[in-house]
Amino acid sequence: MEDNGKYKILFVCLGNICRSPAAEGVMKKMSADAGLNLEIASCGLISYHQGETPDDRMLDTAERRGYPLNHRARKILGKDFAYYDMIIGMDRNNIVELKELCPKEHQHKIHIMSEYFQNVKGYTTVPDPYYGDMRDFDNVITLLEDACGGLIEKIRS
(Lines give C-alpha, C1' and ligand atoms only; values in the text may rest on other atoms or scores of the structure.)
Protein backbone atom coordinates (compact mmCIF):
# COMPACT_ATOMS: atom_id res chain seq x y z
CA MET A 1 0.00 0.00 0.00
CA GLU A 2 1.21 3.43 -0.85
CA ASP A 3 0.41 6.99 0.17
CA ASN A 4 -3.39 6.87 0.62
CA GLY A 5 -3.38 3.72 2.78
CA LYS A 6 -5.89 1.92 0.56
CA TYR A 7 -5.20 -1.41 -1.09
CA LYS A 8 -4.99 -0.65 -4.82
CA ILE A 9 -6.10 -2.93 -7.67
CA LEU A 10 -5.65 -2.30 -11.40
CA PHE A 11 -7.60 -4.40 -13.90
CA VAL A 12 -6.12 -4.73 -17.40
CA CYS A 13 -7.37 -5.92 -20.79
CA LEU A 14 -6.35 -5.09 -24.34
CA GLY A 15 -8.25 -1.88 -25.14
CA ASN A 16 -9.86 -0.93 -21.80
CA ILE A 17 -13.38 -0.68 -23.23
CA CYS A 18 -14.95 -4.05 -22.33
CA ARG A 19 -13.53 -6.42 -19.73
CA SER A 20 -11.31 -4.26 -17.54
CA PRO A 21 -13.77 -1.37 -17.07
CA ALA A 22 -16.46 -3.97 -16.31
CA ALA A 23 -14.13 -5.61 -13.75
CA GLU A 24 -13.52 -2.17 -12.26
CA GLY A 25 -17.27 -1.49 -11.98
CA VAL A 26 -18.13 -4.93 -10.58
CA MET A 27 -15.30 -4.82 -8.03
CA LYS A 28 -16.13 -1.28 -6.92
CA LYS A 29 -19.73 -2.25 -6.14
CA MET A 30 -18.99 -5.65 -4.63
CA SER A 31 -16.12 -4.38 -2.45
CA ALA A 32 -18.21 -1.42 -1.22
CA ASP A 33 -21.08 -3.81 -0.44
CA ALA A 34 -18.56 -5.96 1.48
CA GLY A 35 -17.40 -2.94 3.48
CA LEU A 36 -13.93 -2.81 1.92
CA ASN A 37 -12.28 0.52 1.19
CA LEU A 38 -10.20 -0.15 -1.93
CA GLU A 39 -8.80 1.95 -4.75
CA ILE A 40 -9.86 0.28 -7.99
CA ALA A 41 -9.03 1.30 -11.56
CA SER A 42 -8.57 -0.19 -15.01
CA CYS A 43 -6.50 0.37 -18.12
CA GLY A 44 -5.54 -1.23 -21.42
CA LEU A 45 -2.39 -2.46 -23.04
CA ILE A 46 -2.96 -0.36 -26.17
CA SER A 47 -3.86 3.31 -26.58
CA TYR A 48 -6.24 2.85 -29.53
CA HIS A 49 -9.35 3.68 -27.43
CA GLN A 50 -7.65 6.31 -25.22
CA GLY A 51 -10.27 8.67 -23.74
CA GLU A 52 -13.28 6.64 -24.91
CA THR A 53 -16.08 5.40 -22.68
CA PRO A 54 -16.64 1.64 -22.47
CA ASP A 55 -18.23 -0.17 -25.41
CA ASP A 56 -21.97 0.60 -25.52
CA ARG A 57 -22.80 -3.10 -25.28
CA MET A 58 -20.75 -3.41 -22.09
CA LEU A 59 -22.24 -0.21 -20.68
CA ASP A 60 -25.77 -1.54 -21.29
CA THR A 61 -25.01 -4.99 -19.90
CA ALA A 62 -23.23 -3.71 -16.80
CA GLU A 63 -25.94 -1.13 -16.05
CA ARG A 64 -28.68 -3.74 -16.47
CA ARG A 65 -26.81 -5.92 -13.96
CA GLY A 66 -26.41 -3.03 -11.47
CA TYR A 67 -22.88 -1.86 -12.24
CA PRO A 68 -22.53 1.72 -13.51
CA LEU A 69 -19.33 2.18 -15.52
CA ASN A 70 -17.95 5.72 -15.19
CA HIS A 71 -14.67 5.30 -16.99
CA ARG A 72 -12.48 6.67 -19.78
CA ALA A 73 -10.05 4.29 -21.46
CA ARG A 74 -6.34 4.76 -20.86
CA LYS A 75 -3.16 2.85 -21.57
CA ILE A 76 -1.09 1.34 -18.77
CA LEU A 77 1.78 3.54 -17.59
CA GLY A 78 5.18 2.52 -16.24
CA LYS A 79 4.37 4.10 -12.87
CA ASP A 80 1.29 1.85 -12.50
CA PHE A 81 3.51 -1.13 -11.71
CA ALA A 82 4.93 0.59 -8.63
CA TYR A 83 1.68 2.25 -7.54
CA TYR A 84 -0.80 -0.65 -7.57
CA ASP A 85 -0.70 -3.56 -5.12
CA MET A 86 -2.30 -5.97 -7.63
CA ILE A 87 -2.39 -5.83 -11.42
CA ILE A 88 -4.93 -8.27 -12.81
CA GLY A 89 -5.08 -9.23 -16.49
CA MET A 90 -8.12 -10.78 -18.11
CA ASP A 91 -6.42 -13.39 -20.30
CA ARG A 92 -3.08 -15.08 -20.93
CA ASN A 93 -2.03 -12.65 -23.66
CA ASN A 94 -2.58 -9.77 -21.21
CA ILE A 95 -0.38 -11.54 -18.66
CA VAL A 96 2.43 -12.15 -21.15
CA GLU A 97 2.44 -8.51 -22.20
CA LEU A 98 2.18 -7.23 -18.61
CA LYS A 99 5.18 -9.34 -17.60
CA GLU A 100 7.17 -7.96 -20.53
CA LEU A 101 6.37 -4.38 -19.49
CA CYS A 102 6.70 -4.83 -15.74
CA PRO A 103 9.96 -4.20 -13.87
CA LYS A 104 11.29 -7.34 -12.18
CA GLU A 105 10.66 -6.01 -8.66
CA HIS A 106 6.91 -5.74 -9.33
CA GLN A 107 6.32 -9.01 -11.24
CA HIS A 108 4.74 -10.59 -8.13
CA LYS A 109 1.82 -8.14 -8.42
CA ILE A 110 0.63 -9.57 -11.75
CA HIS A 111 -2.26 -12.05 -11.63
CA ILE A 112 -4.84 -13.45 -14.04
CA MET A 113 -8.50 -12.86 -13.21
CA SER A 114 -9.36 -16.56 -13.49
CA GLU A 115 -7.15 -17.18 -10.43
CA TYR A 116 -10.08 -15.91 -8.38
CA PHE A 117 -12.90 -17.93 -9.95
CA GLN A 118 -14.88 -19.67 -7.21
CA ASN A 119 -17.72 -21.45 -8.98
CA VAL A 120 -16.93 -21.01 -12.68
CA LYS A 121 -16.27 -24.20 -14.62
CA GLY A 122 -14.86 -24.45 -18.13
CA TYR A 123 -13.08 -21.09 -18.26
CA THR A 124 -9.40 -20.35 -17.73
CA THR A 125 -9.69 -16.67 -18.72
CA VAL A 126 -12.27 -13.91 -19.07
CA PRO A 127 -12.85 -14.02 -22.86
CA ASP A 128 -13.00 -10.82 -24.89
CA PRO A 129 -16.66 -10.22 -25.90
CA TYR A 130 -15.87 -7.48 -28.44
CA TYR A 131 -16.62 -9.55 -31.55
CA GLY A 132 -19.45 -11.48 -29.91
CA ASP A 133 -23.08 -10.83 -29.19
CA MET A 134 -24.92 -9.59 -26.09
CA ARG A 135 -24.76 -13.05 -24.48
CA ASP A 136 -20.97 -12.76 -24.52
CA PHE A 137 -21.11 -9.44 -22.68
CA ASP A 138 -23.54 -10.89 -20.14
CA ASN A 139 -21.24 -13.88 -19.68
CA VAL A 140 -18.29 -11.57 -18.96
CA ILE A 141 -20.25 -9.90 -16.15
CA THR A 142 -21.14 -13.32 -14.70
CA LEU A 143 -17.48 -14.39 -14.80
CA LEU A 144 -16.37 -11.11 -13.24
CA GLU A 145 -18.92 -11.36 -10.43
CA ASP A 146 -17.60 -14.80 -9.55
CA ALA A 147 -13.94 -13.74 -9.76
CA CYS A 148 -14.48 -10.51 -7.83
CA GLY A 149 -16.14 -12.54 -5.06
CA GLY A 150 -13.04 -14.72 -4.93
CA LEU A 151 -10.76 -11.69 -5.00
CA ILE A 152 -12.64 -10.15 -2.07
CA GLU A 153 -12.17 -13.40 -0.12
CA LYS A 154 -8.45 -13.37 -0.95
CA ILE A 155 -8.08 -9.74 0.23
CA ARG A 156 -9.91 -10.51 3.46
CA SER A 157 -7.72 -13.55 4.26
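This is a short talk about a sheet, a helix and some tyrosine rings in one structure.

Okay, hi everyone. Before anything else: this is a predicted model, so please keep that in mind as we go.

Let's start with the sheet. It's an open one with four strands, in the order β2-β1-β3-β4, and the pairing is parallel. So which strands stand at the edges? Those are β2 and β4, residues 110-112 for the latter; each has a single partner strand, so one side of each has no neighbour in the sheet. From one strand to the next, the twist averages 25°.

If you're new to sheets, a quick reminder: strands pair through backbone hydrogen bonds, either parallel or antiparallel.

Now look at β3, residues 86-89. This strand pairs with β4 in the parallel sense, over three bridges. If you want a spot to click on, Ile87 stands opposite Ile110 in β4.

Helices pack on this sheet too. One of them is α4, which touches β1, β3 and β4, and its direction makes about 170° with that of β4. Then there's α5, touching β1, β2 and β3, with its direction at about 150° to that of β1.

Next, helix α1, residues 19-33. How far apart should the ends of those 15 residues be? At 1.5 Å a residue, the expected span is 21 Å, and the end C-alpha atoms are indeed 21 Å apart, so the two agree. Plenty of names turn up on the buried list here, including Arg19, Pro21, Glu24, Val26, Met27 and Ser31. And what covers the buried residues? Among the elements doing that are β1 (7-13), β2 (38-44), α2 (56-64), α4 (92-101) and α5 (134-156). After α1 comes Gly35, with a positive phi near 80°.

Last stop, the aromatics. There are two aromatic pairs. In one, the ring centres of Tyr83 and Tyr84 are 5.0 Å apart with planes at 85°; over 60 counts as edge-to-face, so that's what this pair is. Tyr84 is buried, because its relative accessibility is 6%, while Tyr83, at 22%, is partly exposed. The other pair is Tyr130 and Tyr131, with centres 4.9 Å apart and planes at 90°, so this one is edge-to-face as well. Is Tyr131 buried or exposed? Exposed, with a relative accessible area of 78%; Tyr130 comes in at 30% and counts as partly exposed.

Both pairs have a ring with a charged residue over it. The charged end of Lys8 sits over the Tyr83 ring, 5.0 Å from its centre, and Arg57 lies over the face of Tyr130, 5.3 Å from the ring centre.

That's it from me, thanks!

Methods
Residues are numbered from 1 along each chain as its sequence is written. This is a predicted model: local features need pLDDT of at least 70, side-chain atom pairs count only at pLDDT 80 or more; totals for chains, interfaces and linings use all residues. Side-chain values use heavy atoms; hydrogens and water are left out. Helices (H or I, at least four residues) and strands (E, at least two) are DSSP runs, numbered from the N terminus. The expected span of a helix is 1.5 Å times one less than its number of residues. Buried means under 20% relative accessible area, exposed over 50%, partly exposed in between (1.4 Å probe, protein chains only). Contact means heavy atoms within 4.5 Å. Rings of Phe, Tyr and Trp (its six-membered ring) pair if their centres lie within 6.5 Å; planes under 30 degrees apart count as stacked, over 60 as edge-to-face and the rest as tilted. A charge sits over a ring if NZ of Lys or CZ of Arg is within 6 Å of the ring centre and within 35 degrees of the ring normal. Two strands pair if DSSP finds at least two bridges between them. Axes are lines fitted to C-alpha atoms, for helices over the stretch in contact, and angles run from 0 to 180 degrees between N-to-C directions.
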